[in-house]
Number of protein chains: 4
Amino acid sequence: MSVSPNVEEVNRFVDKVFPAMRVSCLEITEIHALAVLTVDPDELRPGGFVSGPDQFRLADAVLWFLTFGAIGRVEEMSVTSELSIRFLRPAIGQKLYARADLEVQNRRSVVGSVHLWCDDKPGRRVSTGQGTYALPLPK
Amino acid sequence: MSVSPNVEEVNRFVDKVFPAMRVSCLEITEIHALAVLTVDPDELRPGGFVSGPDQFRLADAVLWFLTFGAIGRVEEMSVTSELSIRFLRPAIGQKLYARADLEVQNRRSVVGSVHLWCDDKPGRRVSTGQGTYALPLPK
Amino acid sequence: MSVSPNVEEVNRFVDKVFPAMRVSCLEITEIHALAVLTVDPDELRPGGFVSGPDQFRLADAVLWFLTFGAIGRVEEMSVTSELSIRFLRPAIGQKLYARADLEVQNRRSVVGSVHLWCDDKPGRRVSTGQGTYALPLPK
Amino acid sequence: MSVSPNVEEVNRFVDKVFPAMRVSCLEITEIHALAVLTVDPDELRPGGFVSGPDQFRLADAVLWFLTFGAIGRVEEMSVTSELSIRFLRPAIGQKLYARADLEVQNRRSVVGSVHLWCDDKPGRRVSTGQGTYALPLPK
């Protein structure tokens, strides 16, 4: 049976293969992942809000981590096949958090749901999404 | 009757209110917009591909420009309400292009479809999406 | 303050305005709704599965009920503006259930997440989706 | 090289394996499909409109036909993995049409975009969507 990689393993892996992601993994199990993005004040969109693309970046990253947890290994070649996101309210804060929960895993893909919030307000969701990561097929 | 803002007006506006977007408008009419993102080699994801979040960022930007074209003015407070994106093939190139086409405009929102490609290969789409921009409601 | 309509009120309303829906409301509060569709064996798709469109029909209905709960009244003119659905595993059973949970409500729309399952297997989700109902705007 | 099945072949296949679909294929090639659903007046939703689920049913069907065209055969076990739909304006008419265009085909899936309209008004789209059909994997 597979065991989920731990947080340190995930963060070392991301630092190595995709440092531009700028997202840290905080928690990971077989069925969920938690991640954080520290907001760069220069990247705020008009109104002082965390931009939609920054929210998407975090949502996409936490689904990647969820995929690692679900399949039991970090996997460079798992890639997003589709992701839909809905913006619920203005995102104001210093840190943006996202939690992904597993919907299903099969041999071709991992599907998860994501919720995002700012700072210490998990009950005040700023966006939500669902997406699919495709797994490498056996040759 | 409204007239679409021109490309220079859109790019000046973006430079002023949201320079972090790093996307340029190339064409704008009442029913379409074309935009380009110059790929930063430091931002490539594993495999040397333009990342999904960078593709989303461009898709979101070109839908914003489409909204300006459809409503006949640049509008800081038009915001994405939802966007879904599907990744079709690896994105390899120096420049990423996106074209948005208007699906509908009404008093509350603008809906558009987007296609993305790299360099001089418009027939080789790397991703496609659809999304909704919410318009400010009259007070 | 608004009070959610009760189950009987919702079902009487649906019987009157849209009997073709063939979905019953089982639970409704300000933040969730539960609904059931009795599967017609003649409507099964190849393989004996509940079809995707039947699952969509139930997902759309339970989001409508969620909207009634969130806004505190049955509202004929609330309409789906967008809905995305992901199919997780084959749907086999006599009864299809769906639960919708509120993501946000504002003056223009209600956003919710939906999970579907068959018979007595709520832990074995067959599909999941997210969608937006547009509310009638004040004149 | 594969050749797309023709319209008669598709309609005979659907009549046999899934008659409840009630959708006819009108055109099919390797990169597009056209289909029609004859609206049942008893199925109209409040306001006299073609319901969202009926529109989804047609969108899902035409993407199935597109899949047959793209892979060069009717395939019972190709199934929708995800579909998102946006409703653009009220759908009023006797016949609902949908056209699907191929976005990409690879060995695991077919992705397409869909547009729907009523009667003889192809320029007046009532909804639009994008979706993915999963192909059976080689054993």
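# Questions about a predicted four-chain fold

Visitor: How many of the 20 residues of H2(B) are buried?
Guide: This is a predicted model. In it, helix H2(B) is mostly covered. Of its 20 residues, the number buried is 20.

Visitor: How far apart are the end C-alpha atoms of helix H2 of chain B, and what span should we expect?
Guide: The helix covers residues 52–71 of chain B, which makes 20 residues. At 1.5 Å a residue, the helix should span 28 Å. The model agrees with that, because the end C-alpha atoms are apart by 29 Å.

Visitor: Which residue just after H2(B) takes a positive phi?
Guide: Look just past the end of the helix. There the phi is about 85 degrees, a positive value. The residue is B:Gly72.

Visitor: What rotation superposes chain A on chain C, and what kind of axis is that?
Guide: The turn is 180 degrees, with 0.0 Å of shift along the axis. The RMSD after superposing is 0.0 Å. The two copies are thus related as by a two-fold rotation axis.

Visitor: Why do we say that chains A and C meet through the same surface?
Guide: Take the interface residues of chain A and look for them in chain C. They are interface residues there too, so the copies meet through the same surface. The share that recurs is 100%.

Visitor: Which C-alpha of chain A is nearest the axis that relates chain A to chain B?
Guide: Chain A is laid on chain B by a turn of 180 degrees and a shift of 0.0 Å along the axis, with an RMSD of 0.0 Å. In chain A, the nearest C-alpha is 1.9 Å from that axis. It belongs to A:Ser84.

Visitor: Which element gives the most to the side of chain A that touches chain B?
Guide: In this contact, 22 residues of chain A meet 22 residues of chain B. Helix H2 and strand E3 of chain A are the elements that give two or more residues to this side. The one that gives the most, with 9 residues, is E3(A).

Visitor: How many nonpolar, polar and charged residues has the side of chain A that touches chain B?
Guide: Sort that side by class. It has 4 polar residues and 8 charged ones. The nonpolar residues number 10.

Visitor: Which residue of E3(B) stands opposite A:Ser84?
Guide: E3(A) and E3(B) run antiparallel. They are joined by 5 bridges. Opposite A:Ser84 stands B:Ser84.

Visitor: Is A:Val36 partly exposed or buried?
Guide: A:Val36 lies in strand E2 of chain A. A residue needs 20 or more C-beta neighbours within 10 Å to be buried. A:Val36 has 16 inside 10 Å, so it counts as partly exposed.

Visitor: How far apart in space are A:Val36 and A:Cys118?
Guide: In sequence they are 82 residues apart. The fold sets their C-alpha atoms at a distance of 9.4 Å.

Visitor: Which strands stand at the edges of the sheet of chains C and D?
Guide: This open sheet has 12 strands, and the pairing is antiparallel. An edge strand has a single partner strand, so one side of it is left without a neighbour in the sheet. The edges are E1 of chain C and E1 of chain D.

Visitor: What angle does helix H2 of chain C make with E4(C)?
Guide: Helix H2 of chain C packs on the sheet. The strands it touches include E3 of chain D. Its direction and that of E4(C) make about 45 degrees.

Visitor: Why is strand E5 of chain D called largely enclosed?
Guide: Both of its faces are covered, with D:Trp117 among the buried residues on one side and D:Cys118 among those on the other. The strand is largely enclosed by the rest of the structure because its buried residues number 10 of 10.

Visitor: Which residues of E4(D) and E6(D) stand opposite D:Trp117?
Guide: E5(D) pairs with E4(D) in the antiparallel sense over 9 bridges. E5(D) also pairs with E6(D) in the antiparallel sense, over 9 bridges. Opposite D:Trp117 stand D:Tyr97 and D:Arg125.

Visitor: Which residue in the turn between E5(D) and E6(D) has a positive phi?
Guide: The two strands form a hairpin with 6 residues between them. In the turn, a phi of about 50 degrees belongs to D:Asp119.

Methods:
Residues numbered from 1 in each chain as written. Chains lettered and ligands numbered in written order. Predicted model: local features only at pLDDT ≥ 70, side-chain atom pairs only at ≥ 80, totals over all residues. Helix = DSSP H or I, 4+ residues; strand = E, 2+ residues; numbered from the N terminus. Expected span 1.5 Å × (residues − 1). Buried ≥ 20, exposed ≤ 12 C-beta atoms within 10 Å, placed from the backbone. Least-squares fit on C-alpha atoms with pLDDT ≥ 70 in both. Contact = placed C-beta atoms within 7 Å. Pairing = 2+ DSSP bridges. Nonpolar A, V, L, I, M, F, W, Y, C, P; charged D, E, K, R; others polar. Axes fitted to C-alpha atoms, helices over the stretch in contact; angles between N-to-C directions.
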